[in-house]
Amino acid sequence: MSMRILLCCDKLILGAGMQALLGQHGLEAHTKTSVRSTVAAARETTPDAIVVVAPALGIDDTHELAELSRMAKVILLARPDSASRAFEALRIGVRAVLSLEDPPEELIRMIKTVIEVDAIVAPLTARKALDQLRTEQPPAPAPPPAGALTPRESEVMLLLAQGRSNAEIAEKLSISNTTVRSHVHHVLRKLDAGTRARAVAIAYETGLIDVMERQVEGRR
């Protein structure tokens, strides 16, 4: 499947280098150097994903990121010192946040993940900062009961939170794709989530993801 990527990067050399990198991995990429030209190109070409590179836009540019997120799946490459605030971007529709210091192969994997799988992905630095972020926001809804998901459904949920596809989950857990689809369906129903991305967001925001990680770790 051909994947069309739009790059928003105001540094010409960096943008050209990233475009070449994506091309080496079969990703058709075009670069724009301003937010205005990126919005115009997104409206005209309907890309599969938009990769936004700081400082063209950062996590504080919520209006612009939200506008781009309504047009395509957005991956934000944030400054290392702001990547811990990834959940602020995820709340407004950004699908994934990476640090500019992450390895190139992680960017390639993330682009393919957000296009092929209905998922949102946050960097580890954001997970570590989540407790602090919760104290600065209105109280999150109460998490579903810890026992709401079966042990296997919890394992599937944790892999969804890593942005894994059904095929990757099936291979990881040594089960069939059909069984994975059934578990995903049950997870979405139990969390009252319409999409995989919403299920992941609920699990993070309510703290359920931490409960499941402890439970899975305790069974090992």
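This briefing walks through the confidence, strands, cores and cysteines of the structure above. The model is predicted, and the protein averages a pLDDT of 83. Its largest nonpolar core holds 50 residues, and a second, separate core has 22. Strand 4 is a good place to start exploring, as it pairs in the parallel sense with strand 3 and also runs parallel to strand 5.

**Confidence**

- A pLDDT of at least 70 is reached by 85% of the residues.
- Among the elements, strand 3 (residues 49-53) has the highest mean pLDDT, 96, while helix 6 (residues 124-136) has the lowest, 50.
- Please read residues 129-135 with care: the pLDDT is below 50 there, and the stretch has 11 contacts in the model beyond near neighbours in sequence.

**Strands 3, 4 and 5**

- Strand 4 is largely enclosed by the rest of the structure, because 5 of its 6 residues are buried.
- Strand 3 and strand 4 are joined by 5 bridges, and valine 52 has leucine 76 of strand 4 as its bridge partner.
- On the way from strand 3 to strand 4 the chain passes through helix 3 (residues 62-69), making a right-handed β-α-β crossover.
- Strand 4 is joined to strand 5 (residues 96-99) by 4 bridges, and here leucine 76 has valine 97 as its bridge partner.
- Leucine 76 therefore has a bridge partner in strand 5, valine 97, and is itself the partner of valine 52.
- In a regular strand, side chains alternate between the two faces of the sheet.

**Isoleucine 75**

- Isoleucine 75 belongs to strand 4 (residues 73-78).
- Isoleucine 75 counts as buried because its relative accessibility is 0%, against a cut-off of under 20%.
- Leaving aside neighbours within four places in sequence, isoleucine 75 touches Ala49, Ile50, Val51, Val52, Ala96, Leu107, Ile111 and Val114.
- One of these contacts, leucine 107, lies 32 residues away in sequence, with a C-alpha to C-alpha distance of 8.8 Å.

**The two nonpolar cores**

- In the largest core, the residues with the most contacts inside it are Ile50, Val52, Leu76, Val97, Met157 and Met212.
- Helix 10 (residues 196-205) supplies the largest share of this core, 7 residues.
- Methionine 157 contacts Leu149, Val187, Leu191, Ala199, Val200, Ala203 and Met212, apart from neighbours within four places in sequence.
- The second core includes Ala49, Val51, Ile75 and Val114.

**Helix 10**

- Helix 10 is mostly covered, with 9 of its 10 residues buried.
- The buried residues are Arg196, Ala197, Ala199, Val200, Ala201, Ile202, Ala203, Tyr204 and Glu205.
- Among them, Ala199, Val200 and Ala203 are also contacts of methionine 157.
- Just after helix 10, glycine 207 takes a positive phi of about 85 degrees.

**Cysteines**

- The structure holds 0 disulfides.
- Cysteine 8 is in no disulfide, and the nearest cysteine sulfur, that of cysteine 9, is 7.7 Å away.
- Cysteine 9 is likewise in no disulfide, with the sulfur of cysteine 8 as its nearest, 7.7 Å away.
- Cysteine 8 counts as buried at 0% relative accessibility, and cysteine 9 is buried with a relative accessible area of 1%.

Note on methods. Residues numbered from 1 in each chain as written. Predicted model: local features only at pLDDT ≥ 70, side-chain atom pairs only at ≥ 80, totals over all residues. Heavy atoms only, no water. pLDDT = per-residue confidence, 0-100. Helix = DSSP H or I, 4+ residues; strand = E, 2+ residues; numbered from the N terminus. Contact = heavy atoms within 4.5 Å. Core = buried A, V, L, I, M, F, W, Y, C linked by side-chain atoms within 4.5 Å. Buried < 20%, exposed > 50% of the residue type's maximum accessible area, 1.4 Å probe, protein only. Pairing = 2+ DSSP bridges. Right-handed = clockwise from strand over helix to strand, strands pointing away. Disulfide = S-S within 2.5 Å.
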